[in-house]
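Please look over the sequence and the structure shown below, and then follow the paragraphs that come after them, which go from annotated positions to their surroundings.

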Amino acid sequence: MSIEKRVVIKVGSSSLTSRHGEISKIKLEKLTNEIAELKDAGHEVVLVSSGAVAAGYRKLGCLKRPDSLPEKQAAASIGQGLLMESYSHLFLSHGYVASQILILRSDFLDESRYQNVRNTLNVLLERGIIPIVNENDTLSTERLNFGDNDTLAAKVAGLVDADQLVILSDIDGLYDKNPTSHEDAKLIERVSEITDEIENAAGGSGSAVGTGGMKSKIEAVKIAMASGISTFLGNANKGNIIVDAVEEKATGTYFDCKKSVTILNQKKKWIAFHSGSKGEIIINADATERIVKNRKSLRLKEILQVEGRFEKGAVVRVVGSDEEEIARGLVKISSEDLGRMLQSQRDQVIDSTVIMEMGDFVCHIDAPITIGV
C-alpha cells in the first residue's frame, strides 16, 4: 500500500487524562483507534504525547499537579511508564508496534544528535512502527519547557519532513478573540499567513493539567510553516477528529503554507530552529541590506563588532547595527581569529575574507519567524 501522508500528531495532557488527573482509558482508546485507522489507510504517523506528569503525580502521592521541578520529574518518571504501557497494549490490539523516544532540548542543539534522532525516526517509520515522542521530563533541568510539546511536535515534524502537523488539545482551534470571555468569538477556519492579528488572537491555556496555551501553538505553527508543513489545530474530544483533520474535513483551524515561501532544507532547519547561537556578529547597514535583498555571503570588512566566544563551524547570530537579528549561521573563523583580524591593519586580502557563506546561514527572509524558538 502506498504511503498517503506522513503525519505528526500532538496531543495535550488534558486530552489524555480524566478530570481527576489520571490516564483516561476511554480517551486513549479513542486516540489509538483513530491513529490505527490512519495507519490502515497507508499513512505514516508519529505521535508526540504529553501526559507523563499528569499520569504520574497521583501515584507519587500528590493531590494536585506538582509545581516544583523535582516533583514534576518524579511524577513523569512514574507516568511515562504507565502511558507507554497503555499505548503499547492498545496499538498491539490493532496489530501495530509502538516505540518510545524521549528527547531533551539539547538533543536538537547538537547537529550530530539531531541527525541521529532523525535517522532513528525514519527507520521506525519505514518499518511501520508508531514512534511516540515526549520531552525527557525526568532529565530536563530548564523546566518542562517545550510548551506542552507544541514546539517539540513542530520540530519533530520538520525533522521527519512531515506532510502535516495535527495539534490536538481541549479547544476547537484559533478564535478571533478568547472564547471563554467573549460570547461572540468566531473560529478562524483558514490561515495562510501569521499576521499581527493572528498573533494578537492567541490566548492562554484554559486547562489545569496542560502547560501550553494558544501562543505556544502559534509559535509551533510558525516553525511548521517555515518547514513547508501544513498544520491543523483542533479539539481532541471531537469524534473522528484525527482522520477528518488529515482528510481536511474536521472543524478547527487549518494553517496552509504559501507556495511562495522558501522551504528550508534540513541543514537550514537545524540552523534556524534548533542550533542555539554561540555568539553574535554585528554588521553594518550596507551589509544588512545586501544580505537580506541579495542573499550574499558575509565578509570581514562588513563586520562592526564580535560578541561571545565561538569556534570555527559554530552557529552565531548576525545582528544589524540596530541590534535586530537578521540571520544566523555557521562561521568559517573562530571568534579569537576574527577578533585578531578585526584589530589588525586591514588590507584588500583580509577585507575580502569570507566569514560566512550564504549557503551556511538562514536569513529571516527565508524563515520570517522568531528564530530559535
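**Annotated positions and their surroundings**

In this predicted model, the unreviewed UniProt entry places the feature "binding site" at Lys10, Ser169, Asp170, Thr211, Gly212, Gly213, Met214, Lys215, Ser216 and Lys217. The same feature name is also placed by the unreviewed UniProt entry at Ser50, Asp137 and Asn149.

A reader may begin with Ser169, which belongs to strand S5, a strand that covers residues 164-169. Is Ser169 buried or exposed? Its relative accessibility is 6%, and because buried means under 20%, Ser169 counts as buried. When neighbours within four places in sequence are left aside, the residues in contact with Ser169 are Ser15, Lys217, Gly234, Asn235 and Ala236; of these contacts, Lys217 is itself listed under "binding site" in the UniProt entry. Closer along the chain, a polar atom of the Ser169 side chain lies 3.5 Å from the backbone nitrogen of Ile171.

Another of the positions listed with Ser169 is Ser216, which is found in helix H8, made up of residues 214-226. With a relative accessible area of 15%, Ser216 is buried.

From here the path leads to Ser50 and Asn149, both of which carry the "binding site" annotation in the unreviewed UniProt entry. Ser50 sits in the loop that joins strand S2 (44-49) to helix H2 (52-56), and it counts as buried because its relative accessibility is 4%. Asn149 is likewise a loop residue, placed between strand S4 (130-135) and helix H6 (150-159), and its relative accessible area of 4% makes it buried.

Which residues does Asn149 touch, if those up to four places away in sequence are not counted? They are Lys10, Val48, Ser49, Ser50, Asn134 and Glu135, and among them Lys10 and Ser50 are also annotated as "binding site" in UniProt. With one of these partners the link is also polar, since the side chain of Asn149 makes a polar contact of 2.8 Å with the side chain of Asn134.

A last stop is Asn122, whose place is in helix H5, formed by residues 111-126. Asn122 has a relative accessibility of 15% and therefore counts as buried, and, apart from neighbours within four places in sequence, Asn122 is in contact with Arg6 and Val160.

Terms used:
Residues numbered from 1 in each chain as written. Predicted model: local features only at pLDDT ≥ 70, side-chain atom pairs only at ≥ 80, totals over all residues. Heavy atoms only, no water. UniProt positions renumbered as here; feature names shortened; annotations may be inferred. Helix = DSSP H or I, 4+ residues; strand = E, 2+ residues; numbered from the N terminus. Buried < 20%, exposed > 50% of the residue type's maximum accessible area, 1.4 Å probe, protein only. Contact = heavy atoms within 4.5 Å. Polar contact = N/O pair within 3.5 Å; in protein donor to acceptor, adjacent residues only side chain to side chain.
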